[in-house]
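The following paragraphs lead through a protein model, from its overall composition to one of its sheets.

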Amino acid sequence: MPVRSTRRTFVGVTALTLAFSVIAFTQAAYAGKPVGSDKGATTEETGGGDGTGIYAAARITYSGSVAANGSKGNVTSADVNWTPPPCWYAPYLGAKDFKKKMSGDIETQMNAPGMGGHAGAALSELKRHYEDEYGWTDTPGYKDYNVDKDGEGMFWAAVENPDEPDLLKRNSCNDLPFWVDNGEAPPPQYEQAITPEILAALAYQHMQLPDTEVSLAPEQTTKVNLPTWAWLDKAVFDEVQATAAINVPGFNIEATTTARPVSLTLEPGTDDAVTYPASGECVINNDDSIGEPYARGKANRTPPCGIKYLRSSGNGTYNLQATITWDISWTGTGGAGGDLPDGTFGNGQAITVQEIQSVNR
């Protein structure tokens, strides 16, 4: 194997990357996202196996409180600087399947009309990398696509997160497909290789929090200067979990993300109102409820969680926003775990506020 300087400074790597790009952007089947990121975050198992259950592509599966059909959930991170991973590397194909796919794509492009110059040279370099052990310091080349190790590992490749709006970030996992033996961790230079922590972030992104409507008294219609009580019972205000897992022979990891409700924030929908408490944030009680249900005899009390409107809504309504803040944590394979930024999810409720009618005698 020829030894070169590190891949990030060796000019030959530019040629290899160019060759890979030629294939990626001219072959719809490869499409630069070889694990099927057009299927949402869930990927398809394609290409068949070799009789031992080794499939051609890994699949991230979701369970628990997640959005349907691999779509994005409704939770919003309270940290505006936090985002889910825009891309990652995951098991892609066994050696024989990878050889069939990659060699076919290379030959097709090399035989394309007008394919010469730098692009043609780059394709030749790419072919040498996978066939003739052409590599560099931290990245070995392969002999005949590692077919003598078929069933003992898989080639890993980049997966785009289809919910990432920034195209450059989505395409930032641009290393060539690389080999990982079953039961071994990916080489350390691939920092974006799939891990339980990445799965936890993806579970967070796909988590579906319940549509919880706040109980109000009076309901829907209240009076000017009359305190409106707000509360959430423990029975409708409980933790939710979402799990993301990837399972292929020799590589099985998962992570469960848990959301626990911690507070309710009320926004009256008008500046002509006051909230209880003044911050508008009602914290969770010891029994995991929030606020206090209204009952007879409490009319002259100040609600621990609620609103008082100071002006009528006229012929319309005010849009009361009730936003729940959730504490987010995760646990994963091998005892991994930690915290993720708080999540929020809010509902709007139409509130009619009327003037108190008085009768002159």
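Among contacts in the protein between residues at least 6 apart in sequence, what percentage join residues at least 24 apart? The share is 73%, where contact denotes heavy atoms within 4.5 Å. The model is predicted, so that local features need pLDDT of at least 70 and side-chain atom pairs count only at pLDDT 80 or more, while totals for chains, interfaces and linings use all residues. Residues are numbered from 1 along each chain as its sequence is written, and side-chain values use heavy atoms, with hydrogens and water left out.

The protein contains 5 helices and 17 strands; these are DSSP runs numbered from the N terminus, helices being H or I of at least four residues and strands E of at least two. Of its 361 residues, 47% are buried, that is, under 20% relative accessible area with a 1.4 Å probe, protein chains only. Its accessible surface amounts to about 17700 Å², and carbon and sulfur atoms account for 48% of that; the areas come from the Shrake-Rupley method with a 1.4 Å probe.

One open sheet has 3 strands in the order β4-β5-β6, paired antiparallel. Its edge strands, β4 (87–93) and β6 (178–181), each pair on one side only. Neighbouring strands of this sheet are turned by 45° against each other on average, direction ignored. Pairing requires at least two DSSP bridges between two strands; β5 (residues 153–160) is joined to β6 by 4 bridges. Within that antiparallel pair, phenylalanine 155 has tryptophan 179 of β6 as its bridge partner.

Helix α2 (residues 95–110) lies across β4, β5 and β6 and runs at about 105° to β4. Such angles, from 0 to 180 degrees, are taken between N-to-C directions of axes fitted to C-alpha atoms, for helices over the stretch in contact.

Terms used: Buried means under 20% relative accessible area, exposed over 50%, partly exposed in between (1.4 Å probe, protein chains only).
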